[in-house]
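This report describes the sheet, the nonpolar cores and the salt bridges of one protein chain. Please consult the sequence and the structure alongside the text.

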Amino acid sequence: MKLGCCYYPEHWPESIWAEDARRMRKMGLSLVRIGEFAWSRIEPEPGHYDWDWLDRAIDTLAAAGLKVILGTPTATPPKWLLDSMPDMVAIDENGRPRGFGSRRHYCFSHEGYRAECRRIVTALATRYGNHPAIVIWQTDNEYGCHDTVLSFSVAAAAAFRNWLAARYGAVEALNAAWGNVFWSMEYRAFAEIDPPHLTVTEANPAHWLDYRRFASDQVVSFNREQVDILSALSPGRDITHNFMGFFTEFDHHAVGRDIDVATWDSYPLGFLEQFWFSSEEKHAFLRQGHPDIAAFHHDLYRGCSNGRWGVMEQQPGPVNWARFNPAPLQGMVALWTLEAAAHGAEFTSYFRWRQAPFAQEQMHAGLLRPDSSEAEAAPEVRAAAAALADIGLQAAAKAPVALVFSYEAAWTIGIQPQGQSFRYLELVFEAYSALRARGLDVDIVAPHADLSGYRMVWVPSLPIIPEGLTEKLAGLACPVLLGPRSGSKTVSFGMPEGLAPGALRDIIPLTVTRVESLRDGSGEAGEGWAVTRWREDVASDLAPEMTDASGRGVVFRSGPVRYCAIWPDRAFLRLIVERMAGEAGVHLLDLPAGIRVRRSASHAFTFNYAAEPVFVPHLDKALAPASWHIAPL
């Protein structure tokens, strides 16, 4: 696995570029990402390009033996461009424009801005498309960051109407699909339809779901326009985009089909602080990150672009954007690096080379401090580089477990959660974490993925069942788990004929007759576990496999297929993992808290996310067939 860093030569005196490049190579880096925020320096005036500084920067890096990841600068349109078309900005859900002064101040649907993006990307690719130092192109930067996927601008409204017309053909079909007879919401023409915001109370959930689909498609087509230009003008180079953590506002699988390598930006400490984790977990993993945060995203994004992936931004120290920003425990930067390798990453790039002494991110650590002295992460990078040289390239091995992940499921549940604690991402993550806590490797796959060859298949929740998935699941002989709310909605956000689980009834004969969401602290006890957050009443001729203390069924089984009718707490998940693994003949490990393992095609890795050393007897024998080489890390 190659190592790299994010570098901004336009931020620093040209007199230190060569020394920076020399130090990068000496540290063990071979890749440098540049350019993704440099539009105002590349084109300081409309139509006037200043290439000289970027030519010299690329040549300086190349002279030191570094290869370049060059970003298209479309995440930061310059002020002169905004002034020339003020309506290019996104409009938020409250009707406010997203103004100039930071970044991502554009609407994906604005045709004038799209034309400007095609122009600058064409100019960039014409200039550098055949430069021998350029090995990867990055499109834009972090699509959707700062809540910018959904725009409610005039341009977005017009594009949405065209999208609806293409999808439904006739407005009568849309009215029927959305159920617009309810509350007299029927339309006479597509031209009458607005985005689903600023309504008196909640808008039609079908309207919202189509708007989310539309917004996701706008991201996909925006990205594809750049990919097409780069592919034509810079053949033979990989194209990537850097996705974010715990982010579901557009379909990453769809964007992934158009790029060569999926990458993501890994900030384990920031994500621990910002998301749903308990106070106890935030204290226990304060300086390490939750043991499954990085791995979850490694496995998710590996499944987004046919197995090729990397880390574009790796946290090297305290970040600047979370509510609290602790420093990593000594050794964690090296651990995160090696964990990426264990999951098959092609490269890991640290954000950033040198901490900036100005502007919004001056509190974000780098490998160097602003005075160019080495920060705490620098020796860890050298240690990671040495370990990587020892173990060699790691290829991802097919995992025994497939976990089905759907962006549409996240939108559907988010639009109508029915209980404020029902969070799709959390449900999927908890299932993933329960599997990993028992030493299992997991492939996170899209609903359309090939599920053959897996020993277990988990579907934490899938309200809308894609065409063909039921038949695919029916053809599996391995244990399958279907989580709550699966099959509960049609493609138009209605209830399926015959009630939930809809088409899944062909493989699990039951009917969900009622659902309820539960306040924190309420619920029903089970045998060592509890019903919390959500439960479903189920009618079936099947005898329940598991019941709560009152005798109400919570798990039903038909052959290898199980349906879970509750929000599964961690104790419940542990029990289900044990049962399914036993049926599948999959060996489980008894791992102490904070310990995780990962098997590549050639190595077995053990990672300690606990704050102190942990002794795990005989783990090497439990992990490794004789053909594997165990490298002490």
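## Surroundings of Val457

Leaving aside residues up to four places away in sequence, Val457 touches Ala402, Val404, Leu451, Leu473, Leu476, Cys478, Pro479, Val480, Leu481 and Met580. The model examined here is a predicted one.

Val457 also belongs to the largest nonpolar core, which holds 203 residues. Within that core, Phe296, Val457, Trp458, Leu473 and Leu482 touch the most other members. The greatest contribution to this core, 12 residues, comes from helix H8 (residues 205-233). A second core, separate from this one, has 8 residues, among them Leu591, Ile595, Val597 and Leu623. In soluble globular proteins, nonpolar side chains tend to be buried together.

## The seven-stranded sheet

An open sheet of 7 strands with mixed pairing follows the order S10-S9-S11-S12-S18-S17-S16. Its edges are formed by strand S10 (442-445) and strand S16 (546-547); each has a single partner strand, so one side of each lacks a neighbour in the sheet.

Strand S9 (residues 401-404) and strand S11 (residues 456-459) run parallel and are joined by 3 bridges. Val401 has Met456 of S11 as its bridge partner. Helix H16 (residues 424-437) packs on the sheet in contact with S9, S10 and S11, and its direction makes about 175° with that of S9.

## Strand S11 and its coverings

Which residues of S11 lie on each of its covered faces? Met456 and Trp458 are on one side, Val457 and Val459 are on the other, and all of them are buried. S11 is also joined to S12 by 3 bridges, and these two strands run parallel. Leu481 in S12 is the bridge partner of Trp458. Between S11 and S12 the chain passes through helix H17 (residues 469-474), forming a right-handed β-α-β crossover.

Helix H18 (residues 570-584) lies across S11, strand S12 (480-482), S16, strand S17 (553-558) and strand S18 (561-564). The helix runs at about 150° to S11.

## Salt bridges

The whole structure contains 48 salt bridges. One of them joins Glu36 to Arg33, with 3.0 Å between the closest N and O atoms; both of these residues are buried.

A salt bridge between the side chains of Glu408 and Arg213 has an N to O distance of 2.9 Å. This pair connects distant parts of the chain, since Glu408 lies in helix H15 (residues 407-415) and Arg213 in helix H8, 195 residues apart. Glu408 has 22% relative accessibility and therefore counts as partly exposed, whereas Arg213 counts as buried because its relative accessibility is 7%.

The side chains of Arg552 and Glu516 also meet in a salt bridge, at 3.8 Å from N to O. Here the linked parts of the chain are the loop between S16 and S17, which holds Arg552, and strand S13 (residues 511-517), which holds Glu516; the two residues are 36 apart. Arg552, at 30% relative accessibility, counts as partly exposed, and Glu516, at 29%, counts as partly exposed.

Beyond these pairs, which residues are joined into one network by salt bridges that share partners? The network comprises Asp299, Arg302, Asp441, Asp443, Arg598 and Arg599.

Notes: Residues numbered from 1 in each chain as written. Predicted model: local features only at pLDDT ≥ 70, side-chain atom pairs only at ≥ 80, totals over all residues. Heavy atoms only, no water. Pairing = 2+ DSSP bridges. Helix = DSSP H or I, 4+ residues; strand = E, 2+ residues; numbered from the N terminus. Contact = heavy atoms within 4.5 Å. Axes fitted to C-alpha atoms, helices over the stretch in contact; angles between N-to-C directions. Buried < 20%, exposed > 50% of the residue type's maximum accessible area, 1.4 Å probe, protein only. Right-handed = clockwise from strand over helix to strand, strands pointing away. Core = buried A, V, L, I, M, F, W, Y, C linked by side-chain atoms within 4.5 Å. Salt bridge = Lys/Arg side-chain N within 4 Å of Asp/Glu carboxyl O.
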